Amino acid sequence: MAEALLQSPNRSLWNGGESPFKVSWGKLMMWYFLVGDSFSFATFLLTYGTLRFSFTEWPTPSEVFDKIPFIHGNFPLVYVSFMTFDLIMSSVTMVLAVHAGSNKDRKAVVKWMILTIIGGIIFLASQAWEWYNLIVNEGMTMSHNPFSHQPAFGQLFFTITGFHGFHVFTGVLINIIAVSLVATGYFDRKGNYEFIEKIGLYWHFVDLVWVFVFLAFYLV
Amino acid sequence: MSTDSHDGYDLVKAIWRTFWILLFITVFEVVIAIYVPRTTPGLLWGMRVLFIAMSLAKAYFIVSIFMHMKFEIKHLAMTILIPFCFILYAVVMLLWEGSSWLDMRIAGH
């Protein structure tokens, strides 16, 4: 923006003929979709915060979430920390895929996208196991809280992690579609890999929501 | 439209550096959540403020580096970030509400 002013002092980005934000319509609309989706998740998390704050007792997260698949014993918050690491890692591979796309390096894009998809599938499998363990082994459901007296505990947990998990699921699906398109050379023919950038934004949003879900349910 | 042409700025290095920062913050948060006792209310609320601040720091790194916001036009960044002030307002209002419900519960209503 500074160099535009230096070249012609009376020219502003808002004179028409170009995007004043220097982004494509598709990328801008993805950003605004994410703002709207953020408000949806904010609503859920605010409901959780308000209700939890109004109760005199609430289960301690490190005592409830302390199981690991296949290994007996208590490991407070370990598995959910692994899930956080997995999602952060998949965000890194996603942004490296976007970077490879901007360099038009098709093979690298495919490689990093496949790693991102694997990260997403590992997260979904982990979340499914977490649900299975809580419902079947601990007896925590939408109507019963075995740790304290509020059924809201299960209701809030399953609703919010369910919505988040659904976003991860749709993200993995669209990533699979995208990597298939990349492999056929579709974006080389098109001339740019901006599609990967846009779904990259969605994937980072999914990671970002998890940061706050993790904060709300497992940390505070 | 390539947004990765920044003179002298090594984006790949910044990405990996951000990864290590996020990992370090997360490990730090988890260690505190597991090992610090939750008996004294002052310590508990201090921990919660710390967790919220660290999560906001993680959000800053994810949005600015991974989602590339740092390199976008500042006005674009503003149109996306300013609506979150409404969420901040909602947080204040709803925690106030929750606190009032807690008082009512304790008083026996």
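# A walk through chains A and B

Start by selecting helix α5 of chain A: the buried residues of α5(A) pack against three other helices of chain A, namely α4 (78-102), α6 (152-183) and α8 (194-219). Keep in mind on the way that this is a predicted model.

**Stop 1: helix α5 of chain A.** Select residues 106-137 of chain A. How far apart are the end C-alpha atoms of this helix? They are 46 Å apart, which agrees with the 46 Å that 32 residues should span at 1.5 Å a residue. Now colour the buried residues of α5(A): Val109(A), Trp112(A), Met113(A), Thr116(A), Ile117(A), Gly119(A), Gly120(A), Phe123(A) and Leu134(A). As you look at how they are placed, it helps to recall that an α-helix has 3.6 residues a turn, so residues three or four places apart point the same way. Before leaving, step just past the end of α5(A) to Gly139(A), which takes a positive phi of about 80°.

**Stop 2: the nonpolar core.** Next, pick out Ala97(A), Val109(A), Val213(A), Phe214(A) and Tyr218(A), which touch the most other members of the largest nonpolar core, a group of 60 residues. Which elements give two or more residues to this core? From chain A they are α2, α4, α5, α6 and α8, and from chain B they are α1 (11-35) and α2 (41-66). The most comes from α8(A), with 18 residues. Zoom in on Val213(A): setting aside its neighbours within four places in sequence, Val213(A) is in contact with Ile160(A), Thr161(A) and His164(A).

**Stop 3: where the chains meet.** Show both chains and select the residues in contact between them: 41 residues from chain A and 43 residues from chain B. On the chain A side, α2 (25-54), α4 and α8 are the elements that give two or more residues. Colour that side by class and you will find 24 nonpolar, 14 polar and three charged residues.

**Stop 4: chain B by itself.** Finally, hide chain A. What secondary structure does chain B have? There are four helices and zero strands, in the pattern α-α-α-α along the sequence. The radius of gyration of chain B is 19 Å, well over the 13 Å that the globule rule gives for 109 residues, so chain B is more spread out than a compact globule. Turn the C-alpha trace of chain B along its principal axes, and the spans are about 65 × 35 × 15 Å. To finish, colour chain B by burial: 14% of its 109 residues count as buried.

Definitions and conventions
Residues numbered from 1 in each chain as written. Chains lettered and ligands numbered in written order. Predicted model: local features only at pLDDT ≥ 70, side-chain atom pairs only at ≥ 80, totals over all residues. Expected span 1.5 Å × (residues − 1). Buried ≥ 20, exposed ≤ 12 C-beta atoms within 10 Å, placed from the backbone. Contact = placed C-beta atoms within 7 Å. Nonpolar A, V, L, I, M, F, W, Y, C, P; charged D, E, K, R; others polar. Core = buried A, V, L, I, M, F, W, Y, C linked by C-beta atoms within 7 Å. Rg over C-alpha atoms; globule rule 2.2 N^0.38 Å.
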